[in-house]
Amino acid sequence: VRQVKAKIYYIEAAEHDSYVAGISHLPFMLSATLMAVVGQSAGWKEMSPLAATGFRDISRLASGDAEMHRDICITNQAAQVRWLNESAQLLLDLRDQIEEGASDELLDFFENTRKLREEWLLGRPNLRPGEDDFEDMSGTGVARPSLFGRLGGKQPPGKKR
């Protein structure tokens, strides 16, 4: 742990599984669902050339390891079902708002989600809760070298130290 400068994060197993289901596994399932919905539609051949960077970015996760994600769904069923149920309900609510022409509600939703993401990004999403409290273990105050350099491994092609 010290050699790689890892930080210990104490959490109950069930809490971990629930959190990871929401922030890691749900994004994969949403990405895979998007690909299934549009990729299996009758118009996919015609619409696929129109797909730009937004579609590419959100669909990237659908390229993940199918076997691994199947296993995740089977071994973490309760958490997966919870997040899928909440997502499905929200999509139904959005559908209803669009059908009703609920302009103010839609605007509020999109503004609130944008604000949530901006707050998350400002909170340094690369750090877990409490990581700011850890001291610089190297004592230099300088950014740590890459993990590959610390472990003596080879740098991946195209990466600079």
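This passage describes the helices of a predicted model, two of their packings and one buried residue. Local features were taken at pLDDT of at least 70 and side-chain atom pairs at pLDDT 80 or more, while totals for chains, interfaces and linings use all residues. Residues are numbered from 1 along each chain as its sequence is written, and side-chain values use heavy atoms, without hydrogens and water.

The protein has seven helices and zero strands. Helices (H or I, at least four residues) and strands (E, at least two) are DSSP runs, numbered from the N terminus. Along the sequence the pattern reads α-α-α-α-α-α-α. Of the 161 residues, 14% are buried. Buried means under 20% relative accessible area, exposed over 50%, and partly exposed in between (1.4 Å probe, protein chains only). The accessible surface is about 12,800 Å², and 58% of this surface belongs to carbon and sulfur atoms. Areas come from the Shrake-Rupley method with a 1.4 Å probe; for residues, only the protein chains shown count as cover. Among contacts (heavy atoms within 4.5 Å) between residues at least 6 apart in sequence, 63% join residues at least 24 apart.

Helix α5 (residues 77–100) packs against helix α6 (residues 103–122) at an angle of about 140 degrees, with the axes 8 Å apart. Axes are lines fitted to C-alpha atoms, for helices over the stretch in contact, and angles run from 0 to 180 degrees between N-to-C directions. The two helices are therefore oblique. Angles under 35 degrees count as roughly parallel, over 145 as roughly antiparallel, 65 to 115 as roughly perpendicular and the rest as oblique. The crossing is left-handed, with the near helix turned anticlockwise from the far one by less than a right angle; clockwise is right-handed. From α5, L90, L94, Q97 and I98 make the contact; E105, L106 and F109 do so from α6. By class, five of these residues are nonpolar, one is polar and one is charged. Ala, Val, Leu, Ile, Met, Phe, Trp, Tyr, Cys and Pro count as nonpolar, Asp, Glu, Lys and Arg as charged, and the others, Gly among them, as polar.

Helix α1 (residues 13–39) also packs on α5; their axes come within 9 Å and cross at roughly 55 degrees. This pair is likewise oblique, but the crossing is right-handed. The contact involves D17, S18, A21, G22, H25, L26 and M29 of α1 and A79, Q80, R82, W83, L84 and S87 of α5. Six of the residues are nonpolar, five polar and two charged.

Q80 lies in α5. Its relative accessible area is 3%, so Q80 is buried. Beyond residues up to four places away in sequence, Q80 touches A21, H25, M29, I72 and C73.
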